[in-house]
Amino acid sequence: MKHRLNTRELTRRDFLARSLKTAAGAAVLGGAGAGLAQVAPSGERPPRAEGVTVINPRSRVPVGLIIDDSTCLVNLNRFAMPQFNEVYLGAKEVYRRNWREWPVEIPDRFLRAFNDWAVGAGVRGKFSIVPFPACVGRLDRELPGWTRGELAASLKLVREEMAPHWDLTPEMVTHTRVIDLKTGHPYPEITPKFMENWEWTTGKSADEIGAYLAYALQILKDAGLPADGITTPGGFGKKARPQMAQATLQACRSVFGTEIPHYFTDLFSEGNQSVAPVVQNASGLDGPDPRCVVYVPGCTGDWTAGWDCTNPGGADKFITADGKGGRMVEVIQRGEPALMFGHWTGIYFNGYEIGFKILQEVVKRLHATFDNLLWMKNSEVARYWAAKELTRLERAGNTVKLHAPYACPDFTLRLAARSPKPPVLRTGADAKPLTEVTAPLKLTPGTWCRDGDATLACFALAKGASQLEFQN
Ligand SMILES: [Zn+2]
């Protein structure tokens with residue numbers, strides 16, 4: 001959960017507006033975090049040749065679905081709500097809802113039905129797995145209220161059937177109370193300072209935050225789940241942005257050896273600012289151990305049914321029935337990654353599946369409206385943006401020399417010149433002519449096409465040196 005939706009969106013927009021003001025004059029690369037660049041450094045950038053541009057993968061628009069507050073079996077916010085209420089001594093109505101009437105479980109049969117739908121529709125994205133959900137139990141040890149067999153079966157379902165289509169990320173350790181890493185128990189103090197989703201990170205160093213992220217990642221690792229990124233609950237890291245970026249880089253590398261760690265922390269549900277990912281803290285690009293971390297934002301509000309099963313915004317806010325309006329349409333038409341968002345609590349909605357029905361309608365409308373979408377996990381978007389920003393491109397006549405710190409499938413270049421014959425991709429001793437296709441939307445790795453006076457080429461970019469030779 002975050003705060004009630006409107007509050008959350010407002011908080012995020014407020015923050016962005018403030019940071020844009022203070023960032024005046026700062027050199028900023030494109031991306032949603034443009035206003036945040038002064039607090040999270042972008043790091044190194046390679047030189048780029050004139051007339052060569054990295055365009056969207058396969059000349060399509062990345063889309064994805066980001067799901068928060070999910071985990072195995074536990075209906076997180078049923079247990080989180082009384083803990084949030086406790087912090088404010090009952091003074092906030094939003095935390096006094098009828099949680100006792102909510103089911104304790106979001107069952108695996110629903111998880112399976114949801115995932116089967118996603119796989120069938122081609123939907124990909126990010127799915128949080130809170131490792132010690134609301135202090136109920138640790139996924140790597142014991143989940144009181146369920147048998148060990150049930151926990152093992154749930155982890156197996158996530159590992160085998162979900163992981164191919166979703167990035168699994170911890171949404172911190174508990175999403176509620178801060179855990180003392182020395183004891184594994186929550187701290188005794190019950191204030192916003194000791195809640196993961198409020199103030200705990202304020203004033204903390206990258207090392208302190210990194211140790212906390214590593215603890216969360218390690219539980220998932222010990223439970224047999226892969227994770228190459230982080231989701232922050234509510235306000236976690238919001239007032240410690242450079243530390244949060246560095247902490248994500250350190251923790252993901254140390255626990256899983258992740259090559260390109262990514263994190264999700266903000267939604268930009270309206271407005272014209274870019275919602276593209278931001279590649280941060282890039283270093284060592286020419287060496288054997290390049291580093292960076294990618295900030296991947298969402299572009300909608302939760303218009304499914306929220307963290308607390310209230311106020312569904314409805315499908316129209318994502319995309320209207322005629323396909324002409326809605327936030328997803330706006331962002332897709334701009335050509336930027338359109339990663340929509342919902343909370344698992346409201347997607348299940350105590351068995352009424354209200355959010356799920358909204359998502360099904362949204363995806364149906366997206367597919368009826370657009371023929372140029374490419375569903376991607378957050379990690380795939382992160383890798384593409386890292387390759388787009390960090391690959392060195394040098395041009396000598398009709399040859400583009402590439403030096404790539406990271407490999408990238410579907411890497412797609414636009415050369416502002418005609419190539420009457422097939423471009424040749426040369427990697428080491430291997431030289432392959434690309435196959436011509438008749439239109440940009442037909443591009444797949446290993447193909448090229450003409451686009452007016454320009455040439456588009458799509459190929460699996462190899463880590464290290466390669467070159468693309470255009471013919472004239
Ligand atoms: Zn959350």
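This report describes two domains, one strand and one helix of a predicted model.

**Domain arrangement**

The protein is divided into domain 1, covering 5-47 + 60-381, and domain 2, covering 391-471. Between the C-alpha centres of domain 1 and domain 2 the separation is 34 Å. Nine residues from domain 1 and five residues from domain 2 take part in the contact. On the side of domain 1 that touches domain 2, five residues are nonpolar, one is polar and three are charged.

**Strand E2**

Strand E2 comprises residues 61-68, and eight of these eight residues are buried, so the strand is largely enclosed by the rest of the structure. A residue counts as buried here if 20 or more other C-beta atoms lie within 10 Å of its own. Both faces of E2 are covered. One side presents Val61, Val63, Leu65 and Ile67, the other Pro62, Gly64, Ile66 and Asp68, and all of them are buried.

The pairings of E2 with strands E10, E9 and E3 are set out below.

| Partner of E2 | Residues of partner | Sense | Bridges |
|---|---|---|---|
| Strand E10 | 373-375 | parallel | three bridges |
| Strand E9 | 338-343 | parallel | six bridges |
| Strand E3 | 125-128 | parallel | three bridges |

Individual residues can be placed within these pairings. Val61 of E2 has Leu373 as its bridge partner in E10. Ile66 is matched in E9 by its bridge partner Phe341, while Ile67 stands opposite Phe127 in E3. Val61 and Ile67 belong to one side of the strand, and Ile66 to the other.

**Helix H6**

Helix H6 runs through residues 241-256. At 1.5 Å a residue, its 16 residues should span 22 Å, and the end C-alpha atoms are 22 Å apart, which agrees with that expectation.

Which residues of H6 are buried? They are Arg241, Gln243, Met244, Ala245, Gln246, Ala247, Thr248, Leu249, Gln250, Ala251, Cys252 and Val255. Because twelve of its 16 residues are buried, H6 is largely enclosed by the rest of the structure.

The buried residues of H6 pack against one helix, H5 (206-222), and against strands E5 (229-231), E6 (262-264), E7 (278-283) and E8 (291-295). Just after H6, Gly257 adopts a positive phi of about 65°.

**Summary**

Strand E2 is largely enclosed, since eight of its eight residues are buried, and it pairs in the parallel sense with E10, with E9 and with E3. Helix H6 is likewise largely enclosed, and its buried residues pack against H5, E5, E6, E7 and E8.

Methods:
Residues are numbered from 1 along each chain as its sequence is written. This is a predicted model: local features need pLDDT of at least 70, side-chain atom pairs count only at pLDDT 80 or more; totals for chains, interfaces and linings use all residues. Helices (H or I, at least four residues) and strands (E, at least two) are DSSP runs, numbered from the N terminus. Two strands pair if DSSP finds at least two bridges between them. The expected span of a helix is 1.5 Å times one less than its number of residues. Two residues are in contact if their C-beta atoms, placed from the backbone, lie within 7 Å. Domain bounds come from an automatic or database domain assignment. Ala, Val, Leu, Ile, Met, Phe, Trp, Tyr, Cys and Pro count as nonpolar, Asp, Glu, Lys and Arg as charged, and the others, Gly among them, as polar.
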